[in-house]
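Please open the model in your viewer and keep the sequence panel beside it, so that you can select each stop of this tour in turn.

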Amino acid sequence: TRSADVASMTGTNFSSWFNASQGTFVVSATPAQRGGTEPSFLSADDGGAGTSVIRLTMASNKARAFVVNTTTQLDIFSVASITPGTFSKMALAYQASNFGLSKDGATPVTQSSGSVPSAETQLQIGKALFTNYLNGWIQSIQYFPVRLPNSTLQALTA
């Protein structure tokens, strides 16, 4: 047994490019199997308190956007399932009252309410807070410091 592979970015390596008010993550990945509570592809978070989180994860074999601002949790589920061992492309866009999640070219699932957290201090890749490790492979991660239009989310994941 070995420890999980987890990459993280903190300090100015993170804060120099991350836009807390709006942005878009695009992830290409293959989860090997569903392991743990909610295996996470990435998490921009507050480093442990769990009160400022923007996370792309897998729950009930579906892509899930998980956003926490202080104590208010916002969940956005995609309609398409993730099959372990199968490659997927996902895009998560965030902006106050303007969230979107698309997988494999599907029309984005949107949420038009909710605020964006602002106390993120790090990016974790292949893990989120606590023990939500990804068992699989991440091919690429892209970040855009703006909330891209839904049509662009769909095109980037096709």
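In this predicted model, 43% of the 158 residues of the protein count as buried. Turn on the molecular surface next: the protein exposes about 7,200 Å², and carbon and sulfur atoms supply 49% of that area.

Now switch to a cartoon view and follow the chain from the N terminus, where the elements run β-α-β-β-β-β-β-β-β-β-β-β-α, which comes to 2 helices and 11 strands. The radius of gyration is 14 Å, close to the 15 Å that the globule rule gives for 158 residues, so the protein is as compact as a globular protein of that length. If you show the C-alpha trace alone, its spans along the principal axes are about 40 × 35 × 25 Å. Among the contacts with a separation of 6 or more, 66% are accounted for by residues 24 or more positions apart.

For the interior, select Phe18, Phe25, Phe41, Leu56 and Tyr94, which touch the most other members of the largest nonpolar core, a set of 26 residues. Then colour the strands that each supply at least two residues of this core, namely β2 (22–31), β3 (40–45), β4 (52–59), β5 (62–69), β6 (72–81), β7 (88–95) and β8 (99–103). Apart from this core lies another one, of 5 residues, and you can find it by selecting Val26, Ala91, Leu148 and Leu153, which are among its members.

Next, colour the charged side chains, of which 9 are positive and 7 are negative, with the centres of the two sets lying 7 Å apart.

Move on to Thr86, which sits in the loop between β6 and β7. Is it buried, partly exposed or exposed? Thr86 counts as partly exposed, because its relative accessibility is 37%, a value that falls between the limits of 20% and 50%. Show its surroundings as sticks: leaving aside neighbours within four places in sequence, Thr86 is in contact with Ala29, Thr30 and Pro31. You can also draw a line from Thr86 to Ile141, 55 residues apart in sequence, and the C-alpha to C-alpha separation in space is 17 Å.

The last two stops concern backbone angles. Most residues other than glycine have a negative phi. Select Ser97, in the loop between β7 and β8, where phi is positive at about 55 degrees although the residue is not a glycine; Ser97 is partly exposed, at 40% relative accessibility. Finally, select Asp104 in the loop between β8 and β9 (109–111), another residue other than glycine with a positive phi, near 50 degrees. Asp104 is partly exposed, with a relative accessible area of 37%.

How values were computed:
Residues are numbered from 1 along each chain as its sequence is written. This is a predicted model: local features need pLDDT of at least 70, side-chain atom pairs count only at pLDDT 80 or more; totals for chains, interfaces and linings use all residues. Side-chain values use heavy atoms; hydrogens and water are left out. Helices (H or I, at least four residues) and strands (E, at least two) are DSSP runs, numbered from the N terminus. The radius of gyration is taken over C-alpha atoms; the globule rule is 2.2 Å times the number of residues to the power 0.38. Buried means under 20% relative accessible area, exposed over 50%, partly exposed in between (1.4 Å probe, protein chains only). Contact means heavy atoms within 4.5 Å. Accessible areas come from the Shrake-Rupley method with a 1.4 Å probe; for residues, only the protein chains shown count as cover. Lys and Arg count as positive and Asp and Glu as negative; His and the chain ends are not counted. The place of a charge is taken as NZ of Lys, CZ of Arg, CG of Asp or CD of Glu. A nonpolar core is a set of buried Ala, Val, Leu, Ile, Met, Phe, Trp, Tyr and Cys residues joined through side-chain atoms within 4.5 Å.
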